[in-house]
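Please open the structure in your viewer and keep the sequence panel beside it. The stops below say what to select next and what to look for there.

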Amino acid sequence: MSEGDAIRVAVRVRPFNAREKKRNAGLGITMDPATGLVHAKGTVPGGDSFNKKYYFDHALWSHDGFGTDEYVSQENLFDILGKDLLLSAWEGYNVCLFAYGQSGSGKSFSMTGDRSKDDLKGIVPRICDGLLKRVSMLEIYIDDLIDLLVSRKHQPKGGIKTYYRQVKKGVRVTEVIPLTR
């Protein structure tokens, strides 16, 4: 996020689902990702027509064209929105990711995705992975330092080397370096 940004709004257009394909649904949306323009044009049941233009911070196209430059994959979505949220959280700011839309519009897929496949993980699991990559949770037990986020069998041989300095109350670990032998 650029300095001073407080809220950013993005819109993502998902592919047609099976029901829409079966009904030969028409697409009433076009987008210009460079400007954030979303143009909705068409006719609703009953004959009324509409022609509306909206501008967003991000216009994300995921309707079709998988593998093309225009297509926004789950990874692209994280790069566009999630990385800044993760960085802001690490800088100590409160962050919030809010998904809004009608049922079946793709909110859950954008947020959580398919966690069984790395390339389909949503923005939230990717943020959690990013948080855990930079977090250390240590236990000091009888002069041994143990990384609580790593299973016992994957602990570094020889333990974890620490450089520390005494502070008024307790010990502050300033650098943790895994030792391998």
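Which residue forms a salt bridge with Lys 83? Select Lys 83 together with Asp 79, and you will find the partner: the two form a salt bridge in this predicted model, with the closest N and O atoms 3.2 Å apart. Both residues belong to helix α2, and because they are four residues apart there, about one helical turn separates them. Lys 83 counts as partly exposed at 45% relative accessibility, and Asp 79 is likewise partly exposed, with a relative accessible area of 33%. Elsewhere, salt bridges with shared partners join Asp 118, Lys 121 and Asp 129 into one network.

Stay with the salt bridges for a moment, of which the structure holds five. Select Asp 84 and Arg 8, whose side chains meet at 3.5 Å, N to O. Asp 84 lies in helix α2 and Arg 8 in the segment before β1, so this pair ties together parts that are 76 residues apart in sequence. At 22% relative accessibility Asp 84 counts as partly exposed, and Arg 8, with 23%, is partly exposed too.

Now select the whole of helix α2, residues 74-90. A kink of about 45 degrees is centred on Gly 82, and Gly 82 is itself among the buried residues of the helix, which also include Gln 74, Leu 77 and Ser 88. If you display the surroundings, you will see that the buried residues of α2 pack against β1 (10-13), β5 (58-61), α3 (107-111) and α4. Just beyond the helix comes Gly 92, which has a positive phi, near 100 degrees.

Next, colour the largest nonpolar core, which is made up of Leu 60, Val 72, Leu 77, Phe 78, Leu 81, Leu 85, Leu 86, Met 111, Ile 123 and Ile 127, 10 residues in all. The elements that contribute two or more residues to this core are α2 and α4, and α2 gives the most, with five. Within the core, centre the view on Leu 77: leaving aside residues up to four places away in sequence, Leu 77 touches Arg 12, Leu 60, Val 72, Gly 82, Ser 110 and Ile 123. A second, separate core of five residues includes Val 13, Met 31, Val 38 and Ala 59.

Move on to helix α4, residues 123-133, where the buried residues are Ile 123, Pro 125, Arg 126, Ile 127 and Gly 130. Their cover includes α2 and α3. Leu 132 also lies in this helix, but at 54% relative accessibility it counts as exposed. Add Met 137, Leu 148 and Leu 149 to the selection, and you have a nonpolar surface patch that these residues form with Leu 132, with about 380 Å² of accessible area together.

For a further stop, select Gly 106, in the loop between α2 and α3, which is partly exposed, with a relative accessible area of 23%. Gly 106 and Arg 14 are 92 residues apart in sequence, yet their C-alpha atoms are 6.3 Å apart in space. Arg 14 is partly exposed at 24% relative accessibility, and it forms a salt bridge with Glu 20, the closest N and O atoms being 2.9 Å apart.

Finally, zoom out to the whole chain, which contains four helices and nine strands. Of its 181 residues, 21% count as buried.

How values were computed
Residues numbered from 1 in each chain as written. Predicted model: local features only at pLDDT ≥ 70, side-chain atom pairs only at ≥ 80, totals over all residues. Heavy atoms only, no water. Patch = residues over 30% accessible without salt bridge, like charges linked within 9 Å, V, L, I, M, F, W, Y side chains within 5 Å. Areas by Shrake-Rupley, 256 points an atom, 1.4 Å probe, with all protein chains shown as cover. Salt bridge = Lys/Arg side-chain N within 4 Å of Asp/Glu carboxyl O. Buried < 20%, exposed > 50% of the residue type's maximum accessible area, 1.4 Å probe, protein only. Bend = angle between axes of the 7 residues up to and from the residue. Contact = heavy atoms within 4.5 Å. Core = buried A, V, L, I, M, F, W, Y, C linked by side-chain atoms within 4.5 Å.
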